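Colleague: Hi! Could you walk me through this one? I'm new to reading structures, so plain words please.

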Amino acid sequence: MIKKMLDVINDLKCGPHRETIFGGVDVVRYKPNPRTTGYGTGSLAGHTDLNYYYQAPHVEFFHCMENTVEGGDSFWVDAFSAITEVREEKPEYFDILSRVPIYHRFTPPGTDRYVWSHHTLVTMLGENIHQINDNPWSTDTPLAAQSLDLETRKLWWDAYLYYRAKVEDQSRWIMRKLEGGEMVIIDNWRVYHGRKEFTKTARDKSVWWGHCTSIGTMFKKFC
């Protein structure tokens with residue numbers, strides 16, 4: 001599996017493979033009593049990955065190795081479309097989401113260390129939307145509360161909830177239950193990914209993925 005995924009990265013020439021704190025390829029498989037949400041049976045809200053790095057990987061590869069559970073459909077959302085609507089409808093919300101940085105933190109299970117960074121939700125390149133950084137599980141809200149005044153915090157949360165309502169509108173989603181052998185490649189700076197809840201009805205029912213990332217400097221040329 002690992003060789004196959006790395007071969008795809010090399011063949012597409014979309015930038016060097018990037019290791020993370022999860023290793024070269026993160027094998028995501030159901031575990032009882034998981035320490036992280038991705039290994040459980042619950043739904044995963046749409047999000048971008050690895051926002052606790054100062055540069056989140058641009059391209060992500062998800063290789064479904066086996067999927068025999070009930071439910072667990074994957075979905076993807078174009079975040080640029082949602083935030084563009086915010087920009088048009090609520091300029092003051094877009095302004096604060098593109099101006100005020102929020103902290104992200106992740107502590108690997110079983111360790112006493114953490115990875116930490118800060119980003120604005122919307123990163124701009126001139127007047128153009130360049131990148132979205134949004135992961136509800138890694139957002140360090142206590143630190144954000146300490147570093148912002150009350151009025152700014154309130155406006156930021158009003159803006160964020162307005163934006164998230166658009167992202168969570170299922171009419172925007174592309175949804176598919178992936179089968180073993182299928183691979184999805186996404187732009188992690190633009191496209192949210194998530195998963196519906198699934199049911200593991202027997203010991204032989206399983207779902208597992210290989211997940212790896214690339215810096216992705218060439219991704220937009222063939223996207």
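Colleague: Which residues are linked with Glu 85 in a network of salt bridges?

Modeller: Glu 85 shares that network with Glu 89, Lys 166 and Arg 172. Keep in mind as we go that this is a predicted model.

Colleague: How far apart are the closest N and O atoms of Glu 85 and Arg 172?

Modeller: They are 2.5 Å apart in that salt bridge.

Colleague: And which parts does the pair tie together?

Modeller: Glu 85 lies in helix H2, while Arg 172 lies in the loop between H5 and strand S11, so the bridge ties together parts that are 87 residues apart in sequence.

Colleague: Is Glu 85 buried or exposed?

Modeller: Neither, really: Glu 85 is partly exposed, with a relative accessible area of 25%.

Colleague: How many salt bridges does the structure hold?

Modeller: There are 11 salt bridges. One of them joins Asp 140 to Arg 105, with the closest N and O atoms 2.7 Å apart. Asp 140 sits in the loop between S10 and helix H4 and Arg 105 in strand S7, so this pair ties together parts that are 35 residues apart in sequence.

Colleague: Is Asp 140 buried or exposed?

Modeller: Asp 140 is buried, at a relative accessible area of 9%. Its partner Arg 105 counts as partly exposed, at 31%.

Colleague: Which residue forms a salt bridge with Arg 99?

Modeller: That would be Asp 95, with the closest N and O atoms 3.1 Å apart. Arg 99 counts as exposed, at 51% relative accessibility, and Asp 95 is partly exposed, at 35%.

Colleague: New topic, the inside. Which members of the largest nonpolar core touch the most other members?

Modeller: That core has 25 residues, and the ones touching the most other members are Ile 83, Leu 97, Leu 121, Val 122, Ile 132 and Tyr 163. Strand S6, helices H2, H3 and H5, and strand S10 each supply at least two residues of the core.

Colleague: Why would nonpolar side chains be found together like that?

Modeller: In soluble globular proteins, nonpolar side chains tend to be buried together.

Colleague: What is Tyr 163 in contact with, leaving aside neighbours within four places in sequence?

Modeller: Its contacts include Ala 79, Ala 82, Ile 83 and Val 86. Leu 97, Leu 121, Ile 132, Asp 134 and Tyr 192 are in contact with Tyr 163 as well. Apart from the largest core lies another one of seven residues, among them Cys 64, Leu 178, Val 184 and Ile 186.

Colleague: What about Thr 152, where does that lie?

Modeller: Thr 152 lies in helix H5. This residue is buried, with a relative accessible area of 19%. Beyond its neighbours within four places in sequence, Thr 152 is in contact with Ile 96 and Val 100.

Colleague: Now the outside. Which residues form a nonpolar patch on the surface?

Modeller: Tyr 54, Tyr 114 and Trp 116 do, with about 350 Å² of accessible area together. Tyr 114 is in the loop between S7 and strand S8, and is partly exposed at 47%.

Colleague: How do strands S9 and S10 run?

Modeller: They run antiparallel, joined by four bridges. Leu 125 stands opposite Asn 128 in S10. The hairpin has two residues between the strands, and Gly 126 takes a positive phi near 65 degrees there.

Colleague: Which residue other than glycine has a positive phi near 60 degrees?

Modeller: Leu 50 has one. Most residues other than glycine have a negative phi. You'll find Leu 50 in the loop between strands S3 and S4, and at 5% relative accessibility this leucine counts as buried.

Colleague: Last bit, the whole chain. How many helices and strands are there?

Modeller: The protein chain has six helices and 15 strands. Of its 223 residues, 45% are buried. The chain exposes about 11600 Å², and carbon and sulfur atoms supply 52% of that. Among contacts between residues at least 6 apart in sequence, 83% join residues at least 24 apart.

Colleague: Great, thanks!

Definitions and conventions:
Residues are numbered from 1 along each chain as its sequence is written. This is a predicted model: local features need pLDDT of at least 70, side-chain atom pairs count only at pLDDT 80 or more; totals for chains, interfaces and linings use all residues. Side-chain values use heavy atoms; hydrogens and water are left out. A nonpolar core is a set of buried Ala, Val, Leu, Ile, Met, Phe, Trp, Tyr and Cys residues joined through side-chain atoms within 4.5 Å. Buried means under 20% relative accessible area, exposed over 50%, partly exposed in between (1.4 Å probe, protein chains only). Contact means heavy atoms within 4.5 Å. A salt bridge is a side-chain nitrogen of Lys or Arg within 4 Å of a carboxyl oxygen of Asp or Glu. Patches are made of residues with over 30% relative accessible area and no salt bridge: like charges are joined within 9 Å, nonpolar side chains (Val, Leu, Ile, Met, Phe, Trp, Tyr) within 5 Å. Accessible areas come from the Shrake-Rupley method with a 1.4 Å probe; for residues, only the protein chains shown count as cover. Two strands pair if DSSP finds at least two bridges between them.
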